[in-house]
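Biologist: Got a minute to walk me through this fold? I'd like to start with the strands and then hop around a bit.

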Amino acid sequence: MSLLQRFFPWLNATGSRTPAAPTETGPTLPNESPYITSEQGLRTTPENQLKYLYRLMWVDYDVRNTIMDIRRMDRLDPRVKRVHRRIARDAIKGGLVLTQITDSPTLRAAWATFNRRLQLNRVEKLKSDAVGLVMEGNLPLQMVLDESYRVSAAIRMPSETILPNVDSAGRYIDPAAAHFQLELATGAKVATFPLWQLFLARFDPDNFDDLGAMGRPFLDATRSTWKKLQMTEEDLVIRRRTRAPLRLAHVLEGATPEQLDMYRSQVEKDQSEITTDYYLNRKGGVTSIQGDVALHQIADVTHLLDSFFAGTPLPKGMVGYTDGLARDILEDLKRDYYEEVDSLQDTLSFTYEWAFRLDLLLQGINPDADEFAITIAERQTETPNQTADRALKWQALGLPRGTVWEELGFNATEIRERLEEEAKDYDPYPAPGGDVPGGTSRVKITPGNGRKGESGTSIANG
């Protein structure tokens, strides 16, 4: 027994679960457990341990009920629909872009064909995947191979029917059967997916290391508030309708029941006329009883509306409810919203990057030979002027020009090639110092000279 084996006895154990094939570089797929590991204990909570045992026999109804509630909210409430579509639209703004540290024509050509083959260049596909991740909290993408063993499609599966095949410790039992798809009616297994064939992107799971923990939708915690809001708004409409007619209170002091009935029958007989006058020969009066004529008497609806939007990443002011909302507060809320969108973009972009790496492996190309990343073109939802101003300031700080182009959402390699081609055909700056390859622009930043005390930017060529 070696010295390492004496200190680490787990080197001799392989575990009770089916191990993956040993490799020199460790796991090749995300969430694939190595052959030998020092892990001890359980990743799962006691509640999830029991749930995973039942979930292998039937569909997880907790996940399904949550998703069905969110879908119903999306169909019935235009505010929920706008929240989902706005987040998805901002998350895919600009599309996908390949960024490389060192230019590789082979990698660029492979990404161009992969992007077109999987229709990732179409906004409908990206928006559909983003909406699914926002509404369901999970994005199961099935990698479909063609006859030449190339990834030909990335199909979004319904996440409420996908079950991770994990043990009580929260790890995959067998990478060759990492996920199941169960039929709702019978509970039968429709399909079995190995770890490479189905990638399950999870947004905000209870525990990322617990591979059986599914993601949570954006509006998961607002379902009860939304139900109360819908009920209160319906009650408000019913109350308005029932209290809308004008009512009159007739007071006749000292009248006998017979006199009161005679007076009532005479008044109700004349109510068909447009204008009715009342004549009394005793002390009395006619007083009008108004219905709900003021809109300020709906503070309960306003409270539920504020509670609902407090649980969403989208600020209430960006949906149209701007009453009493200051501009500075809205700017802070928008900044927080953009950070949420950035987190969603990272989850989406890694999913497509993983699919691209799988396609490269199937072509016999080592994806780790070159440093690259698949990202969303526009990281933050900004105006073009704000984005350009930010890039110019980074340029003034001395950041590489390729990094500046990538932050603007462009492919730095393509921009450099186009600049070189234009410089060969037509050079608008014959003198040194122009904004062409070999020339530089002079960018100056004046602190405190911009809007809201920000820094101002000035540019000069040559």
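Modeller: Sure. Two strands pair here if DSSP finds at least two bridges between them. Keep in mind that this is a predicted model.

Biologist: Okay, how many bridges join β5 to β6?

Modeller: Four bridges, and the two strands run antiparallel. β5 covers residues 179–182 and β6 covers residues 189–193. One of the pairings puts Gln181 opposite its bridge partner Ala191 in β6.

Biologist: What's between the strands in that hairpin?

Modeller: Six residues. In that hairpin Gly187 takes a positive phi, near 80°.

Biologist: Moving on to the sheet with β2 in it. What's the strand order?

Modeller: It goes β3-β2-β7, an open sheet of three strands with antiparallel pairing. β3 (151–156) and β7 stand at the edges with a single partner strand each, so one side of each has no neighbour in the sheet. From one strand to the next, the twist averages 25°.

Biologist: How many bridges hold β2 to β3?

Modeller: Five, with β2 spanning residues 138–145. Met143, for example, has Ala154 in β3 as its bridge partner.

Biologist: And how many between β2 and β7?

Modeller: Five bridges there, in the antiparallel sense. Pro140 stands opposite Leu200 in β7.

Biologist: Is β7 buried or exposed?

Modeller: Buried: five of its five residues count as such, so β7 is largely enclosed by the rest of the structure.

Biologist: Which residues sit on which side of β7?

Modeller: Leu198, Leu200 and Arg202 are on one side, with Phe199 and Ala201 on the other, and all of them are buried. That fits the usual pattern, where side chains in a regular strand alternate between the two faces of the sheet.

Biologist: Which strands does α10 touch?

Modeller: α10 packs on the sheet and touches β2, β3 and β7. The direction of α10 makes about 20° with that of β2.

Biologist: What span should α10 have, going by its residue count?

Modeller: α10 has 36 residues (327–362), and at 1.5 Å a residue they should span 52 Å. The end C-alpha atoms are 52 Å apart, which agrees. After α10 comes Gly364, whose phi is positive, near 85°.

Biologist: Let's do charges. How many salt bridges does the count come to?

Modeller: The count comes to 19 salt bridges. Among them, Glu233 pairs with Arg79, with the closest N and O atoms 3.0 Å apart. Glu233 lies in helix α7 and Arg79 in helix α4 (residues 78–91), so this pair ties together parts that are 154 residues apart in sequence.

Biologist: Are those two buried or exposed?

Modeller: Glu233 is partly exposed, with a relative accessible area of 23%. Arg79 is buried, at 11%.

Biologist: Which residue does Arg122 form a salt bridge with?

Modeller: Glu124, with the closest N and O atoms 3.4 Å apart. Arg122 is partly exposed at 40% relative accessibility, and Glu124 is partly exposed too, with a relative accessible area of 46%.

Biologist: What about Arg223, which residue is its salt-bridge partner?

Modeller: Arg223 bridges to Asp220, and the closest N and O atoms are 3.4 Å apart. Asp220 is buried, with a relative accessible area of 13%. Salt bridges that share partners join Asp69, Arg216, Asp220 and Arg223 into one network.

Biologist: Now Asp210. Where is it?

Modeller: Asp210 is in the loop between β7 (198–202) and α7 (223–242). Asp210 is buried but has no salt bridge.

Biologist: Why no salt bridge for Asp210?

Modeller: The nearest side chain of opposite charge is Arg202, 6.2 Å away. A salt bridge needs a side-chain nitrogen of Lys or Arg within 4 Å of a carboxyl oxygen, so that pair doesn't count.

Biologist: Which residues does Asp210 touch, then?

Modeller: Not counting residues up to four places away in sequence, Asp210 touches Arg43, Thr44, Asn48, Tyr52, Gly170 and Arg202.

Biologist: Last one: is Arg264 buried or exposed?

Modeller: Exposed, at 54% relative accessibility. Arg264 is found in helix α8 (residues 257–269). The C-alpha atoms of Arg264 and His250 are separated by 9.1 Å, and the two residues are 14 apart along the chain.

Terms used:
Residues are numbered from 1 along each chain as its sequence is written. This is a predicted model: local features need pLDDT of at least 70, side-chain atom pairs count only at pLDDT 80 or more; totals for chains, interfaces and linings use all residues. Side-chain values use heavy atoms; hydrogens and water are left out. Buried means under 20% relative accessible area, exposed over 50%, partly exposed in between (1.4 Å probe, protein chains only). Lys and Arg count as positive and Asp and Glu as negative; His and the chain ends are not counted. Contact means heavy atoms within 4.5 Å. The expected span of a helix is 1.5 Å times one less than its number of residues. Axes are lines fitted to C-alpha atoms, for helices over the stretch in contact, and angles run from 0 to 180 degrees between N-to-C directions.
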